[in-house]
Amino acid sequence: MPSQQKALFLDSRQGSLTVRETDKPTPGPGELLVKVEAAALNPIDWMIQAFGVFVEKYPAIIGSDGAGTVVAVGEGVTAYAVSDRVAFQGTIDPVQKTIKGTFAQYTTTPAKFAMKIPANVSPESAATMPCTLPTAATVLYNQDESSPSVKLTAPWSESGKGKYAGKRALVLGGSSSVGQYVIQFARLSGFSPIIATASPQHSDFLKSLGATHVVDRNLPSETLQEEVTRIGGGPFDLVYDAISTADTQAVGYALTGPNGDFVVVSPAVALGGDDGPQKRVHMARGLLTLPGNDVVGAGLLAALPTLLESGDIKPNRTEVLSGGLNGIVPGLERLKSKQVSGTKLVVLPQETV
Ligand SMILES: NC(=O)c1ccc[n+]([C@@H]2O[C@H](COP(=O)([O-])OP(=O)(O)OC[C@H]3O[C@@H](n4cnc5c(N)ncnc54)[C@H](OP(=O)(O)O)[C@@H]3O)[C@@H](O)[C@H]2O)c1
């Protein structure tokens, strides 16, 4: 195995992103060395570069989603072996302000937080999950008292599947990567109806994932609110706002029923106020390494291979960009300018020239 590899570096705060050679890392205790076969692009990747947030140590290899094959294991790793297929999150340390990202041909990752990927899922599809699938699931199913969560019983536990039959769910931004996973978990949990907002061309696709109705997200807010209420037949027990702009939050909060749960993916703006029985607001936190996410994360990671094998959970659709790691900069530009719709942009780092 060559000792060098290519990786995409962010050289300085808000600096440029450049592909260059660097040493291949060595797995430490509890870590996997992974040959990264696919890496997916997320909004947080361009935000780290454009706004200079989350990371303070440079040069840094960014990237939140990776999938590939284990090529070496560190001391103490027993759950994985060479040749296993995994997907994994880039590791952000919120205290040290460092990142060990996935935009590289090889990287190390803690075995504890890796996802085992069954044979029916390609590396491209697997790479769509690490960041956004836990963002959907942990805030719904975390039982940790100190964590923001709806505290539903997870559908992968014995009594959880279909448990919320008859409860209404609304997913704002159903065609986003997070939204597609929320729809599927809501279906597994038994919610009905499950109404999603999205551009109309995604209607059939979102219904195939479990949405019972899809409402055009481009309608004026007032009309959208009326339409969703008419179809839903009343306020919602669960509203998951996978977009969380000021506009979507206002709509989502208004449509959350008394004693209902409203989930946001970005900090909540000023919402509601004195409007009767309490609505609970929760901020999703998709990083599996965060304190409080350990138990729900372990349950999710244990259940995921079966959920994928059975087709109960389907990874996002993908668009593979050309040029390996060199495809990331133009891809992030497209994400930033909102030119990505209902699909996940993916690069194949081994194709980098
Ligand atoms: N808190 C956390 O831990 C965490 C983790 C991951 C992501 N996030 C955040 O979650 C958000 C979604 O991330 P993502 O990767 O899922 O995004 P994404 O897939 O890039 O989102 C693109 C989609 O957003 C939809 N969209 C845009 N504006 C909309 C609106 N007003 N109403 C309904 N749909 C709208 C578009 O729908 P159409 O094409 O159908 O028009 C498009 O399909 C981002 O803000 C991200 O930063 C948070």
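**Exercise 1. Which backbone atom type of V178 lies 2.8 Å from an oxygen atom of the ligand, and what else surrounds the ligand?**

*Solution.* The structure is a predicted model.

Step 1. Begin with V178: a backbone N or O atom of this residue is 2.8 Å from a ligand oxygen atom. This falls under the 3.5 Å limit for a polar contact.

Step 2. Examine two further backbone positions. G342 places a backbone N or O atom 3.0 Å from an oxygen atom of the ligand. At V265, a polar backbone atom is 3.0 Å from a nitrogen atom of the ligand.

Step 3. Determine how much of the ligand is covered. On its own the ligand has 940 Å² of accessible area, and the protein covers 82% of that area.

Step 4. List the surroundings. The ligand is surrounded by 26 residues, of which S175, V178, S199, R217 and S341 are the closest.

**Exercise 2. Describe the division of the chain into domains and the interface between them.**

*Solution.*

Step 1. Assign the segments. Domain 1 comprises 4-129 + 317-351, and domain 2 comprises 133-283. Their C-alpha centres are 29 Å apart.

Step 2. Count the residues in contact. Domain 1 contributes eight residues and domain 2 contributes nine.

Step 3. State the buried area. Between the two domains about 700 Å² is buried, with 45% coming from carbon and sulfur atoms. On the domain 1 side, M129, R317 and G342 supply 57% of the area buried against domain 2, more than any other three residues. G342 is thus named here and also in the ligand contacts of Exercise 1.

Step 4. Characterise the interactions. Five residue pairs are in polar contact across the interface, while the count of salt bridges between the domains is zero. The residues of domain 1 that touch domain 2 comprise two nonpolar, four polar and two charged.

Terms used. Residues numbered from 1 in each chain as written. Predicted model: local features only at pLDDT ≥ 70, side-chain atom pairs only at ≥ 80, totals over all residues. Heavy atoms only, no water. Domains from an automatic or database assignment. Contact = heavy atoms within 4.5 Å. Buried area = accessible area lost by both parts, 1.4 Å probe. Salt bridge = Lys/Arg side-chain N within 4 Å of Asp/Glu carboxyl O. Polar contact = N/O pair within 3.5 Å; in protein donor to acceptor, adjacent residues only side chain to side chain. Nonpolar A, V, L, I, M, F, W, Y, C, P; charged D, E, K, R; others polar. Near = heavy atom within 4 Å. Areas by Shrake-Rupley, 256 points an atom, 1.4 Å probe, with all protein chains shown as cover.
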